[in-house]
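Biologist: Hi! Could you walk me through this one while I have it open?
Modeller: Happy to, just bring it up on screen.
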Amino acid sequence: NGAMKTTRLFATCSATLLAVLSAQAQGTFQNLGFEQADPVVIVGSPYYPTAVTFGSALPGWSSSIGGVPVTQAFLNNYSLGAASISIFGPGWNSVNPGIIDGNYTVFLQAFNPGQGNVSLWQTGTIPADAASLQFSAWNYTSVNEAFSVSFAGNSLSPVSLGSGQSASGQVYTVYGVNIAPYAGQLGQLEFTAFGGQGPDWMELDGITFSPNTVPEPGTLALVVMGGLALAARRWRKEAW
């Protein structure tokens, strides 16, 4: 019995410690992986049963389309021509768009002129030790800018850190942005898909704050060019 009590106490302390560390890791932001979804279907909606209340689908987040607040979202469904926001979860087996990580992935759809941008945001405090913000995304776009990321109104510059493919078959890119100048600050973190020039779709998942730095876009380009130049020199030596 004593051993069982010790084991239970250890498990309880471990769970508490992990919860505290997790909270510290994301500052005061919540539901960064969208796994807290508990969708409530809107009975009587013309999109029943795939229309759900926004708050139940994306706790902690807010959204707007063309500046108008969003009050509902699609569940395991998406629009064929109108700006919208969707959440894909259990039962969704398609790709492009598909689930990137865990049980739920968010999908922002911007379309043609007159519909406006589709934005998703949350206000919180950046962790004090955060050097970068990282997230996974898939994007389909016909406009010059794929999407934007900002904090407290300051535009951030995403750089590609790698790519992958989820268990569902969905391909994605892992992006990172420099968040160090805003560590410890309260502000609005916002992701936007651009409307007005044609389809601009963005899937988003796995948002995390990290103490690891990411290279600036210009620095990353120099690193890539330097690596290509080094490879070319080695090739020439081997060829001779």
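Modeller: Keep in mind that this is a predicted model. A good place to begin is the largest pocket, with a volume of about 210 Å³.
Biologist: Nice. How many residues line the largest pocket, and which lie nearest its centre?
Modeller: The lining has 13 residues, and those nearest the centre are Ile 65, Val 70, Gln 72, Ala 83 and Ser 84.
Biologist: And what is the lining of the largest pocket like by class?
Modeller: Ten residues are nonpolar and three are polar, with no charged residues in the lining.
Biologist: Which strand gives the largest share of the lining?
Modeller: That is E4, with three residues. Strand E3 (68-69), E4 and E5 each supply at least two.
Biologist: OK, let's stay with E4. In what sense does E4 pair with E5, and over how many bridges?
Modeller: E4 and E5 pair in the parallel sense, over two bridges. If you want a spot to click on, Leu 75 has Ile 87 in E5 as its bridge partner.
Biologist: What about strand E1 and E4?
Modeller: Strand E1 (residues 51-53) pairs with E4 in the antiparallel sense, over three bridges. There, Val 52 stands opposite Ala 73 in E4.
Biologist: Changing topic: how many aromatic pairs does a search of the whole structure find?
Modeller: The search finds 17 aromatic pairs. One of them is Tyr 78 with Phe 107: the ring centres are 5.7 Å apart and the planes are at 90°, so the pair is edge-to-face.
Biologist: Where do Tyr 78 and Phe 107 lie?
Modeller: Tyr 78 is in the loop between strand E4 (72-75) and strand E5 (84-88), while Phe 107 is in strand E6 (residues 105-110), so the pair ties together parts that are 29 residues apart in sequence.
Biologist: Is Phe 107 buried or exposed?
Modeller: Phe 107 is buried, with a relative accessible area of 0%. Tyr 78 is partly exposed, at 26%.
Biologist: And what about the rings of Phe 107 and Trp 201?
Modeller: Their centres are 5.8 Å apart and their planes are at 85°, so this pair is edge-to-face. The pair links distant parts of the chain, since Trp 201 sits in strand E14 (residues 200-210), 94 residues apart from Phe 107 in strand E6. Trp 201 is buried, as is Phe 107.
Biologist: Last one: which residues do ring pairs link into a cluster with these?
Modeller: The cluster is made up of Tyr 78, Phe 88, Trp 92, Phe 107, Phe 111, Tyr 140 and Trp 201.

Methods
Residues numbered from 1 in each chain as written. Predicted model: local features only at pLDDT ≥ 70, side-chain atom pairs only at ≥ 80, totals over all residues. Heavy atoms only, no water. Phe/Tyr/Trp six-rings, centres within 6.5 Å; stacked < 30°, edge-to-face > 60°. Helix = DSSP H or I, 4+ residues; strand = E, 2+ residues; numbered from the N terminus. Buried < 20%, exposed > 50% of the residue type's maximum accessible area, 1.4 Å probe, protein only. 1 Å grid on protein atoms, 1.4 Å probe; cavity = no way out; pocket = protein on both sides within 12 Å on 5 of 7 lines; lining within 4 Å. Points joined across faces, edges and corners; volume = space filled by probe spheres on them. Nonpolar A, V, L, I, M, F, W, Y, C, P; charged D, E, K, R; others polar. Pairing = 2+ DSSP bridges.
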